[in-house]
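Me: I'm new to this one and would like to go through its charged pairs. Can you take me through them after a look at the structure?

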Amino acid sequence: MLKNKSLVIVSVLVLVMAVVAMGCAPAAAPETPAAPPETPAAAPETPAAAPETPAAPETPAATPAVVEKETSYKSVKYTDPTYNFSVAYPEGWTAGEVKLQGGVFYAKGEGKDLLYIAVRPATEFKGTANVFLADLIKLSGAAFTPSIDSETKITLADGTEADVIQLSAAFGMAKAAITGVLKDGNAIMVMAGTDPKNMDIYKEIGSTLIIK
């Protein structure tokens with residue numbers, strides 16, 4: 001009986017010691033939660049492509065300015081708005097009435113000097129110029145027929161090639177120079193005359209013709 005009591009007491013003591021030991025053991029550290037997965041760095045934005053610079057429009061080649069011919073005389077200019085040409089004639093010559101077929105301008109100078117500009121349908125220059133002068137002579141009341149002294153070509157200030165026909169009438173007592181070009185089915189004719197002593201001036205007037 002004593003032996004059993006001792007056994008019970010020992011068993012109780014062992015149990016108490018076990019309980020005490022468990023109470024003194026340090027509490028287990030709480031588990032550290034796993035770190036959230038790292039968010040991958042966002043890929044750098046691709047910079048927007050720079051807008052294309054529009055090609056600069058081509059600058060049209062500049063049309064070279066026509067340098068008007070210098071004259072030996074002080075001049076004024078006749079400009080034709082219909083056929084787009086101009087002629088520089090001596091200052092002091094007075095514009096008058098145009099009566100000739102196809103005539104666009106008439107001016108009278110001192111003495112016998114005169115200027116007549118006409119535009120007539122034509123496919124060749126020489127024959128048209130000859131008829132033009134013959135009609136002018138008839139208009140003046142004379143009856144003689146002009147004859148051609150010479151035919152040459154010149155280059156005008158605008159680069160146009162022009163014909164120059166020099167004519168005589170009344171046995172050389174009257175002379176004229178007809179300068180002109182064929183353009184768009186017409187002959188543009190600049191006739192200056194009639195004093196033989198002034199032929200240089202007459203030809204010079206014709207050489208001032210500029211086709212626009």
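Me: Which side chain does Lys 126 meet in a salt bridge?
Reply: In this predicted model, Lys 126 pairs with Glu 151, with an N to O distance of 3.1 Å. Lys 126 is in helix 2 (residues 125-139) and Glu 151 in strand 6 (residues 147-155), so the salt bridge ties together parts 25 residues apart in sequence.

Me: Is Glu 151 buried or exposed?
Reply: Neither, as Glu 151 is partly exposed, at 47% relative accessible area. Lys 126 also counts as partly exposed, at 39%.

Me: How many salt bridges are there by this rule?
Reply: The count comes to 5. One of them joins Lys 153 and Asp 163, with the closest N and O atoms 2.6 Å apart. That pair links strand 6, where Lys 153 sits, to Asp 163 in strand 7 (residues 161-169), 10 residues apart.

Me: And how exposed is Lys 153?
Reply: Lys 153 counts as exposed because its relative accessibility is 52%, and the cut-off for exposed is over 50%. Asp 163 is partly exposed, at 21%.

Me: Switching to Lys 175, where is it placed?
Reply: Lys 175 is in strand 8 (residues 174-183). Its side chain forms a salt bridge with Asp 149 at 3.0 Å, N to O. Asp 149 is in strand 6, 26 residues from Lys 175, and counts as partly exposed at 38% relative accessibility.

Me: What else does Lys 175 touch?
Reply: Leaving out residues up to four places away in sequence, the residues touched by Lys 175 include Leu 167, Ser 168, Pro 196 and Tyr 202. With Ser 168 there is a side-chain polar contact of 2.6 Å.

How values were computed: Residues numbered from 1 in each chain as written. Predicted model: local features only at pLDDT ≥ 70, side-chain atom pairs only at ≥ 80, totals over all residues. Heavy atoms only, no water. Helix = DSSP H or I, 4+ residues; strand = E, 2+ residues; numbered from the N terminus. Polar contact = N/O pair within 3.5 Å; in protein donor to acceptor, adjacent residues only side chain to side chain. Contact = heavy atoms within 4.5 Å. Salt bridge = Lys/Arg side-chain N within 4 Å of Asp/Glu carboxyl O. Buried < 20%, exposed > 50% of the residue type's maximum accessible area, 1.4 Å probe, protein only.
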